[in-house]
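These notebook entries record what I looked up in the structure shown below. I began with the whole chain and then turned to the strands.

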Amino acid sequence: MPNSLTFQTSSMASITWHKLYPSVAEAETDLKPRMIKRFVIEDLKVALVRTESSFYAFREACPHLGESLHKGLVNAWDEVVCPLHFYRFSLRTGEEQSGKNCSDLTQYLVKYDEKGFFVGV
Ligand code: FES
């Protein structure tokens, strides 16, 4: 069985869903709340975070100078904090929260159903 499926979105952008876990229960077991885990999907480094209420996926390189965000932390406001210069990015919106002139996170879609737990890139 393939671990990825490709869909066309209404904007004609192509999203490929990559299966990271067989179920959401396995994702929850592997990923403790506020833990950041890195996956490599088709040469793309993707960070996955679980909060108390949701999962978030985003490009793992910090938009500032490229530090690995999986080495950072997730604070109580559901922001990922870069370990190098401590810029903060909202997990919900991707926006930089420290008032710096910096690009936002590149976010990816997460979905899970009876077929497994997927990230769309
Ligand atoms: S490299 Fe992440 S804040 Fe500078």
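Entry 1, contacts. What share of the contacts with a separation of 6 or more in the protein comes from residues 24 or more positions apart? I found that such residues account for 36% of those contacts. I note here that the model is predicted.

Entry 2, overall dimensions. I looked up the extent of the C-alpha trace, and along its principal axes it spans about 45 × 35 × 25 Å. I then checked the radius of gyration: the protein has 14 Å, and this agrees with a compact globule, because a globule of 121 residues would have a value near 14 Å.

Entry 3, burial. I asked how much of the protein is buried. Of the 121 residues, 24% are buried.

Entry 4, secondary structure. I counted one helix and 10 strands in the protein. In sequence order I read the pattern β-β-α-β-β-β-β-β-β-β-β, which places two strands before the helix.

Entry 5, strands β9 and β10. I followed the chain through β9, residues 107-113, and on to β10, residues 116-120. A hairpin of two residues joins β9 to β10. The two strands pair in the antiparallel sense, and I recorded five bridges between them. Within this pairing, Val 110 stands opposite Val 119, and Lys 111 stands opposite Phe 118.

Entry 6, the partner of β10 from early in the chain. Which strand did I find paired with β10 over four bridges? The strand is β2, residues 14-21, and its pairing with β10 is antiparallel. I looked up Tyr 21 in particular, and its bridge partner in β10 is Phe 117. Strand β10 therefore pairs with both β2 and β9, because at least two bridges between strands count as a pairing.

Entry 7, the further partner of β9. I next examined β5, residues 55-59, which pairs with β9 in the antiparallel sense over two bridges. Here Phe 58 stands opposite Gln 107 of β9.

Entry 8, the pairings together. I drew the links as a chain of antiparallel pairings: β2 with β10, β10 with β9, and β9 with β5.

Definitions and conventions
Residues numbered from 1 in each chain as written. Predicted model: local features only at pLDDT ≥ 70, side-chain atom pairs only at ≥ 80, totals over all residues. Rg over C-alpha atoms; globule rule 2.2 N^0.38 Å. Buried ≥ 20, exposed ≤ 12 C-beta atoms within 10 Å, placed from the backbone. Contact = placed C-beta atoms within 7 Å.
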